[in-house]
Amino acid sequence: MISAIQKKEDHTIILTVTIPSDDVMATRKQVVEELAKSANVPGFRKGKAPAGMVEDKLDPEAIREEILKKLLSKYYIQAVEEHKVQPIVTPKIHIQAVEEGKDWQFTATTCELPPITLGKYQEKVKSVTAKSKIVIPGKEKLGPSLDEIIPALLETATVVIPRILVEQEVDRLLSRLLDDIKRLGLTLDQYLGSTSRTIESLRAEYEKKAENDIKLELVLNKIAEDEKLVVEPKEVDEAIQKAKSDEEKKQLESNKYLLASILRQQKTLDFLKNL
């Protein structure tokens, strides 16, 4: 394997990986043999036709896809280990060359955790929470608002968001919006017209939201790490038991890591409220 790495200023990483033709051909043979086991060829019992005869009847594109399924993950992991990369996101794969009898090449775009500078966030947040600690006779004491705390927190923090994180979050938001629009029985054009938007303005809006959401998540994770805020397995189990239905409980059981992340984030927000 031959691989090269490019690191961008926003901590995006591009790995360019070359797969040797020998491995491509060996994997191709394996794929064809596997497909031959389930192929129906006139004059032969199922799976008993010669691989060469089966290959002539197979879609070349389907064979390439199966080869890539077997090789991409393998060579991506090797490249990550070779360059000592610590990705925090699923890579975006772009196939560059898949010529018959030659080396294949692909790029994998990913990113590492960017440096996060919190600044004097405690002082800034305390300037917000201090207001809620003032007791006015005859009036109910209200806790600090997250709508005030979060902007104050982000104002002091510095972090360069990798572009791939923003793109993936925007794609997720747009996909969810399209599902919602479809459920309403509308087309995207109808929705854009009714909201006086264009696809460009909508994407720009979602990019801004994505950047703020990702920055907040990274900053909260950094605070939790610095303050040693952890979620115990017992807390995760207790949250699962509070599920309102068996279906919800089942979903939480299968996503314990995500649930623990949410609980840790809530702990961090509670920590900020109490500053």
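## Leu 15 and the middle of the sheet

Let's start with Leu 15, whose bridge partner in β4 is Ala 108. This pair belongs to a longer run: β2 (residues 12-19) and β4 (residues 104-111) are joined in the antiparallel sense by eight bridges. Thr 16 is part of the picture too, standing opposite Thr 107 in β4. Keep in mind as you look around that this is a predicted model.

Leu 15 also has a partner on the β1 strand, since it is the bridge partner of Ile 5. Here β1 and β2 pair in the antiparallel sense, over six bridges.

## The whole sheet

Zooming out, in what order do the four strands of the open sheet lie? The order is β1-β2-β4-β3, with antiparallel pairing. At the edges are β1 (2-7) and β3 (92-97), each of which pairs on one side only. On average, neighbouring strands of this sheet are turned by 20° against each other, with direction ignored. As general background, strands of a sheet pair through backbone hydrogen bonds, either parallel or antiparallel.

The β3 edge is joined to β4 by five bridges, and these two strands run antiparallel. One pairing to look for is Ile 95 with its bridge partner Phe 106 in β4. β4 itself is mostly covered, with seven of its eight residues buried.

## Two hairpins

Two hairpins are worth finding in the sheet. In the hairpin of β1 and β2, four residues lie between the strands, and His 11 has a positive phi near 75°. β3 and β4 form a hairpin with six residues between them, and in that turn Gly 101 has a positive phi of about 80°.

## A helix on the sheet

Helix α3 (residues 60-82) packs on the sheet and touches β1, β2, β3 and β4. The direction of α3 makes about 55° with that of β4.

This helix carries several charged pairs. Arg 64 and Glu 61 form a salt bridge with an N to O distance of 2.7 Å. Both residues lie in α3, three residues apart, which is about one turn of the helix. Arg 64 is partly exposed at 25% relative accessible area, and Glu 61 is partly exposed at 36%. Glu 66 and Lys 69 also meet in a salt bridge, at 3.3 Å from N to O. They too lie in α3, three residues apart, or about one turn of the helix. Glu 66 is partly exposed, with 28% relative accessibility, whereas Lys 69 is exposed at 61%.

## Salt bridges across the chain

How many salt bridges does the structure hold? There are 17. In one of them, Lys 74 pairs with Asp 23, and the closest N and O atoms are 3.0 Å apart. Lys 74 lies in helix α3 and Asp 23 in helix α1 (residues 21-36), so this pair ties together parts that are 51 residues apart in sequence. Lys 74 is partly exposed at 38% relative accessibility, while Asp 23 is buried at 18% relative accessible area.

Elsewhere, Arg 163, Glu 167 and Glu 207 are linked in a network of salt bridges. In general, side chains of opposite charge can pair when their charged atoms come close.

## Glu 112, a buried charge

Just after the sheet comes another residue to visit. Glu 112 sits in the loop between β4 and α4 (121-132). Is Glu 112 buried or exposed? Glu 112 is buried, and it has no salt bridge. The nearest side chain of opposite charge is Lys 7, at 4.2 Å, and a salt bridge needs the nitrogen within 4 Å of a carboxyl oxygen.

Glu 112 does have a polar partner in the backbone: its side chain reaches the backbone nitrogen of Gln 86 at 2.7 Å. Leaving aside neighbours within four places in sequence, the residues in contact with Glu 112 are Lys 7, His 11, Ile 13, Lys 84, Val 85, Gln 86, Ile 88 and Pro 162. His 11 in this group is also the residue with positive phi in the hairpin of β1 and β2.

## The chain as a whole

Stepping back, the chain contains 11 helices and four strands. Of its 275 residues, 33% are buried. Among contacts between residues at least 6 apart in sequence, 69% join residues at least 24 apart. The pair of Lys 74 and Asp 23 showed such a reach, tying together parts 51 residues apart.

Terms used: Residues numbered from 1 in each chain as written. Predicted model: local features only at pLDDT ≥ 70, side-chain atom pairs only at ≥ 80, totals over all residues. Heavy atoms only, no water. Pairing = 2+ DSSP bridges. Axes fitted to C-alpha atoms, helices over the stretch in contact; angles between N-to-C directions. Contact = heavy atoms within 4.5 Å. Buried < 20%, exposed > 50% of the residue type's maximum accessible area, 1.4 Å probe, protein only. Lys, Arg positive; Asp, Glu negative; His and termini not counted. Polar contact = N/O pair within 3.5 Å; in protein donor to acceptor, adjacent residues only side chain to side chain.
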